[in-house]
Amino acid sequence: MRGENHLVMEAIERQVAHYAYHVGQIVYIGKQLKGVNWESLSIPKGKSEEYLKEMLKKQKGN
C-alpha cells in the first residue's frame, strides 16, 4: 500500500480499520439527515437493562 511493505495481516488490519472509518462517516451523515428521527444502531445509552430484560424474555419464549 502506497509503496510500503506490509505483512498480510498488517494489510488486512489496515483495510478493516479503513472500512470502519468510512462506516463512521456514513453513520454520522445518516444521523445528520434523520435528525430527531434517528434510531440507534446499537443499544441506546441508559437502555442496557431494558434491552437485557427483553432479550431474556425472548429466550424464554423459544
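Salt bridges and overall form of a predicted two-helix chain

Trainee: With which residue does Lys53 form a salt bridge, and how far apart are the closest N and O atoms?

Mentor: In this predicted model, the partner of Lys53 in the salt bridge is Glu49. Lys53 lies in helix α2, which covers residues 48-61, and the closest N and O atoms of the pair are separated by 3.5 Å.

Trainee: Why are Lys53 and Glu49 separated by about one helical turn?

Mentor: Both residues belong to helix α2, and the separation of about one helical turn follows because Lys53 and Glu49 are four residues apart.

Trainee: Are Lys53 and Glu49 buried or exposed?

Mentor: A residue counts as exposed when its relative accessible area is over 50%. Lys53 reaches 53% and Glu49 reaches 58%, so Lys53 is exposed and Glu49 is likewise exposed.

Trainee: How far is the C-alpha atom of Lys53 from that of Ser42?

Mentor: Along the chain, Lys53 and Ser42 are 11 residues apart. In space, the separation between their C-alpha atoms is 16 Å.

Trainee: How many salt bridges does the structure hold?

Mentor: One of them joins Lys53 to Glu49, and another joins the side chains of Lys47 and Glu50, with a distance of 3.8 Å from N to O. A further one links Lys57 with Glu54, and the number for the structure is three.

Trainee: Which residue of the pair Lys47 and Glu50 is exposed?

Mentor: The relative accessible area of Lys47 is 39%, so Lys47 is partly exposed. For its salt-bridge partner the value is 53%, and the residue that counts as exposed is therefore Glu50.

Trainee: What is the distance between the closest N and O atoms of Lys57 and Glu54, and which of these two residues is partly exposed?

Mentor: Lys57 and Glu54 are three residues apart in helix α2, which means that about one helical turn separates them, and their closest N and O atoms are 3.7 Å apart. Lys57, with a relative accessible area of 56%, is exposed, whereas the partly exposed residue, at 34%, is Glu54.

Trainee: Which residues make the nonpolar surface patch, and in which helix is Met9 found?

Mentor: The patch has an area of about 400 Å² and is made by Val8, Met9, Ile12 and Val16. Within this group, Met9 is exposed because its relative accessibility is 54%, and the helix in which Met9 is found, spanning residues 8-34, is α1.

Trainee: What is the radius of gyration of the chain?

Mentor: The chain has two helices and zero strands, and its C-alpha atoms fill a box of roughly 55 × 35 × 20 Å along the principal axes. For a compact globule of 62 residues one would expect a radius of gyration near 11 Å, but the value for the chain is 19 Å.

Trainee: What percentage of the residues in the chain is buried?

Mentor: The chain exposes about 6200 Å², of which carbon and sulfur atoms supply 58%. To count as buried, a residue must have under 20% relative accessible area, and among the 62 residues of the chain the buried share is 2%.

Trainee: How far apart are the mean positions of the positive and negative charges?

Mentor: The chain carries 10 positive and 7 negative charges, and a mean position is taken for each kind. The distance between these two mean positions is 8 Å.

Key: Residues are numbered from 1 along each chain as its sequence is written. This is a predicted model: local features need pLDDT of at least 70, side-chain atom pairs count only at pLDDT 80 or more; totals for chains, interfaces and linings use all residues. Side-chain values use heavy atoms; hydrogens and water are left out. Patches are made of residues with over 30% relative accessible area and no salt bridge: like charges are joined within 9 Å, nonpolar side chains (Val, Leu, Ile, Met, Phe, Trp, Tyr) within 5 Å. Accessible areas come from the Shrake-Rupley method with a 1.4 Å probe; for residues, only the protein chains shown count as cover. A salt bridge is a side-chain nitrogen of Lys or Arg within 4 Å of a carboxyl oxygen of Asp or Glu. Buried means under 20% relative accessible area, exposed over 50%, partly exposed in between (1.4 Å probe, protein chains only). The radius of gyration is taken over C-alpha atoms; the globule rule is 2.2 Å times the number of residues to the power 0.38. Lys and Arg count as positive and Asp and Glu as negative; His and the chain ends are not counted. The place of a charge is taken as NZ of Lys, CZ of Arg, CG of Asp or CD of Glu.
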